[in-house]
Amino acid sequence: MTSTVDAFMKFSINQDLQYCKDFQQKKLAVLIDPDKVSEKGIDQLIENAIAAEVDYLFVGGSLLVDDSFEHCISHIKAHCKIPLIIFPGSIFQMSAKADAIFFLSLISGRNPELLIGQQVLAAPILRSMDIEVMPTGYMLVDGGAPTTVSYISNSQPIPRDKPPIAVCTALAGEMLGHKLIYMDSGSGAQYPVSEEMIRAVANNVNVPLVIGGGIRNPETAAKISRAGAELIVVGNAFEKEPNLVFDMCQAVHECSLALPSKA
Ligand code: 1GP
């Protein structure tokens, strides 16, 4: 059990990300889709993530057809200490073994089930779990082609050439009390969220920005970090090339502002 002192000393992941926003620190997360990666593949991703000093691991998927979600989480927790956050595609993706879960509301869409319906069902279950619940305004942005998430969520993504829509949506999300804004062009998107849109949103909200979807190389990850994302999420590219995580992590971390020394 966590002592009061430990609980007091320990910062939540949300607080860590807010610190990143306030002090321009940049972080990288590896997304593991349990359906797409074998156990051997997961071991390789974990080994590389530890060596590359990846900041977070995400587990989840818009559509999971194998029954491997819980096992995947247990396996990762048994083999590494990198904080594990569930990125749930549905109410079936919850586990007390994770460190945290994004409590997503799909604020770019107008599907009431994903704005509040699923959350009502999930809330009492999450209350009984000792994990950090991270209230997150989730915004789907058009990435050039339909993705699983746009189909499954039955919602229209924000057009990629309309930053003002993204800004107003993110502002509303922040005013509603979300502690994070997550802009996603969907796994395997042709294009990631544009730098112009990221810059516009980052300049208008005070909460941290998570950006994912279609980020395939360190140069793009660095540009997106510099445009204003605190946390970059990569899935597909590491499934194809697990060693890419080293350059990607370095590129993202190098975009952090140097912190003043304590001396
Ligand atoms: C997570 O959708 C992203 O937000 C992951 O996208 O698989 O294209 O990296 P990729």
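These legends walk through several close-up views of one predicted protein model. Local features are taken from this predicted model only where pLDDT is at least 70, and side-chain atom pairs count only at pLDDT 80 or more, while totals for chains, interfaces and linings use all residues. Residues are numbered from 1 along each chain as its sequence is written, and side-chain values use heavy atoms, with hydrogens and water left out.

**View 1. The whole chain, with its 11 helices and 8 strands.**
Helices (H or I, at least four residues) and strands (E, at least two) are DSSP runs, numbered from the N terminus. The C-alpha atoms fill a box of roughly 50 × 45 × 40 Å along the principal axes. The radius of gyration, taken over C-alpha atoms, is compared with a globule rule of 2.2 Å times the number of residues to the power 0.38. For 263 residues a compact globule would come near 18 Å, and the protein chain has 17 Å, which agrees. Contact means heavy atoms within 4.5 Å. Of the contacts with a separation of 6 or more, 74% join residues 24 or more positions apart.

**View 2. The surface and the charges of the protein chain.**
Accessible areas come from the Shrake-Rupley method with a 1.4 Å probe, and for residues only the protein chains shown count as cover. The accessible surface comes to about 13,100 Å², and carbon and sulfur atoms hold 56% of it. Lys and Arg count as positive and Asp and Glu as negative, leaving out His and the chain ends. Each charge is placed at NZ of Lys, CZ of Arg, CG of Asp or CD of Glu. The mean positions of the 20 positive and 29 negative charges lie 5 Å apart.

**View 3. Inside the largest nonpolar core, with its 59 residues.**
Buried means under 20% relative accessible area, exposed over 50%, and partly exposed in between (1.4 Å probe, protein chains only). Buried residues make up 51% of the 263 in the protein chain. A nonpolar core is a set of buried Ala, Val, Leu, Ile, Met, Phe, Trp, Tyr and Cys residues joined through side-chain atoms within 4.5 Å. In the largest core, the residues touching the most other members are L28, I32, V54, I76, M183, I232 and F238. Look around I32: leaving aside neighbours within four places in sequence, I32 is in contact with V37, I42, L45, F58, V59, G60, C72 and I76. A second, separate core has 21 residues, among them A29, L31, I85 and L231.

**View 4. L106 in strand β4 (residues 100-106).**
L106 counts as buried because its relative accessibility is 5%. Beyond the neighbours within four places in sequence, L106 is in contact with L114, L115, Y138, L140, S153 and S155. For a sense of scale, the C-alpha atoms of L106 and K240 are separated by 28 Å, with their positions 134 residues apart along the chain.

**View 5. I131 in the loop between α5 (112-127) and β5 (132-140).**
I131 has 9% relative accessibility, so this loop residue counts as buried. Not counting residues up to four places away in sequence, I131 touches S95, A96, A98, D99, A100, I101 and L126. I131 and I85 are 46 residues apart in sequence, and their C-alpha atoms are 9.4 Å apart in space.

**View 6. N154 and Q156 in the loop between α6 (148-152) and α7 (163-175).**
N154 has a phi near 50°, a positive value in a residue other than glycine. N154 is exposed at 64% relative accessibility, and Q156 is exposed at 66%. The C-alpha atoms of Q156 and V141 are separated by 8.5 Å, and the two residues are 15 apart along the chain.

**View 7. Q24 in the loop between α2 (13-23) and β1 (27-32).**
Here is another backbone angle to find: Q24 is not a glycine, yet has a positive phi of about 50°. Q24 counts as partly exposed because its relative accessibility is 43%.

**View 8. S261 in the segment after α11 (244-253).**
Is S261 buried or exposed? With a relative accessible area of 61%, S261 is exposed. S261 and S194 are 67 residues apart in sequence and 34 Å apart in space, C-alpha to C-alpha.
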